[in-house]
Amino acid sequence: MLFRKKSKSKIFCIGFNKTGTTTIEKVLKDFKYRLGDQPQAELLFSNWLNRDFKAIKKYCASAEAFQDVPFSMPYTYILLDQYFPNAKFILTVRDSPEQWYNSTVNFHSKLWGDGKNKLSKEELKNVNYRYKGFPYDFIKEVFNTSDNDIYNKEKFMNLYNQHIVQVKDYFKTSPEKLLIINTSNKDDYFRLCEFLNKKPLSDNFPWENKTSEI
């Protein structure tokens, strides 16, 4: 009789982009989790818009751990929890909503603009990332901003705060499934290791960042 090796529980990092999700990805890779292909995952954005979560579930068969779009998008974690009842969820946060907002705006400017100013709608529409105009479509659909104020600070920070509140509220009856961490806090590395039932490989989070993520 053949015995299948028991697979690891699914791990979903559901914090917004620019909250240390790439650092978490590095930690998960160091622990030998199979990570989902990010370019392929981000193209599921259109499925998320159409509330086609079956396509997202199907994609989850490709790996053990996932981060960023579409897994970090509002309400996706609810469906993931229903599909994968043994999954664990990691919510990454920054020191403040404003810190996260500034990091996001500055990162986009350095990646696709002049590195000094916020990108305009025209610039975003011309960004060739996943497909031409993907960052524009993402911001418009997720943050619901106007073309003349595409990076509206209030709307960005409101959604950031709302996401955290809603995640906490959803998991309040199953707190063992959720870990909230800030990768700038050394102690949170050990909390993450404990959450994953892994022996620490270091004494802090590894510094890691991508040059191409929304």
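**Figure 1. The loop between S2 and H5, where Asp 68 lies.** In this predicted model, Asp 68 belongs to the loop that runs between S2 and H5, and its phi is near 65°, a positive value in a residue other than glycine. Asp 68 is buried, with a relative accessible area of 0%. Pro 70 has its place in the loop between strand S2 (65-67) and H5 as well, and the peptide bond that joins Val 69 and Pro 70 is cis, with an omega of about 5°. As background to this view, most residues other than glycine have a negative phi, and most peptide bonds are trans.

**Figure 2. The segment after helix H10, with Asn 197.** Asn 197 is found in the segment that follows helix H10 (186-195), and its phi, near 60°, is a positive value in a residue other than glycine. Buried or exposed, which is Asn 197? Asn 197 is exposed, with a relative accessible area of 64%, whereas Asp 68 of the first view is buried, with a relative accessible area of 0%.

**Figure 3. The largest nonpolar core and the elements that supply it.** The largest nonpolar core has 45 residues, and those with the most contacts inside it are Phe 12, Phe 71, Phe 89, Phe 143 and Tyr 151. At least two residues of this core come from each of helix H3 (45-49), helix H4 (53-59), helix H5 (76-83), strand S3 (88-92), helix H6 (97-112), helix H8 (134-143) and helix H9 (153-170). Among the contributors, H8 gives the most to this core, with 6 residues. Apart from this core lies another, of 18 residues, which includes Ile 181, Cys 193, Phe 195 and Leu 196. In soluble globular proteins, nonpolar side chains tend to be buried together.

**Figure 4. Helix H8 and the surroundings of Phe 143.** Because 7 of the 10 residues of H8 are buried, this helix is largely enclosed by the rest of the structure. The buried residues of H8 are Phe 134, Pro 135, Tyr 136, Phe 138, Ile 139, Val 142 and Phe 143. Which residues are in contact with Phe 143, leaving aside its neighbours within four places in sequence? They are Phe 16, Trp 100, Phe 138, Lys 155, Phe 156 and Leu 159. Just after H8, Asn 144 takes a positive phi of about 55°.

**Figure 5. The largest cavity and its lining.** Rolling a probe the size of a water molecule over the atoms shows where empty space is left. The count comes to 2 cavities of 30 Å³ or more, and the largest of them has a volume of about 130 Å³. Of the 14 residues that line the largest cavity, Phe 16, Asn 17, Trp 100, Phe 138 and Phe 143 are the closest to its centre. H6 and H8 each supply at least two residues of this lining, and H8 gives the most to it, with 4 residues. By class, the residues of the lining divide into 10 nonpolar, 4 polar and no charged.

**Figure 6. The second largest cavity and its lining.** About 30 Å³ of space lies in the second largest cavity, and its lining is formed by Gly 15, Phe 16, Thr 19, Leu 91, Thr 92, Val 93, Tyr 160, His 163 and Ile 164. Two or more residues of this lining come from S3 and from H9, and the largest share, 3 residues, comes from H9. The lining of the second largest cavity has 5 nonpolar, 4 polar and no charged residues. Phe 16 appears in this lining, and Phe 16 is also one of the residues closest to the centre of the largest cavity.

**Figure 7. The protein chain as the setting for the close-up views.** The protein chain has 10 helices and 6 strands, and its C-alpha atoms fill a box of roughly 60 × 35 × 30 Å, taken along the principal axes. With 214 residues, a compact globule would have a radius of gyration near 17 Å, and the 17 Å of the protein chain agrees with that value. Of the 214 residues, 48% count as buried. Among the contacts in the protein chain with a separation of 6 or more, 70% are accounted for by residues 24 or more positions apart.

Conventions. Residues numbered from 1 in each chain as written. Predicted model: local features only at pLDDT ≥ 70, side-chain atom pairs only at ≥ 80, totals over all residues. Heavy atoms only, no water. Core = buried A, V, L, I, M, F, W, Y, C linked by side-chain atoms within 4.5 Å. Buried < 20%, exposed > 50% of the residue type's maximum accessible area, 1.4 Å probe, protein only. Contact = heavy atoms within 4.5 Å. 1 Å grid on protein atoms, 1.4 Å probe; cavity = no way out; pocket = protein on both sides within 12 Å on 5 of 7 lines; lining within 4 Å. Points joined across faces, edges and corners; volume = space filled by probe spheres on them. Nonpolar A, V, L, I, M, F, W, Y, C, P; charged D, E, K, R; others polar. Rg over C-alpha atoms; globule rule 2.2 N^0.38 Å.
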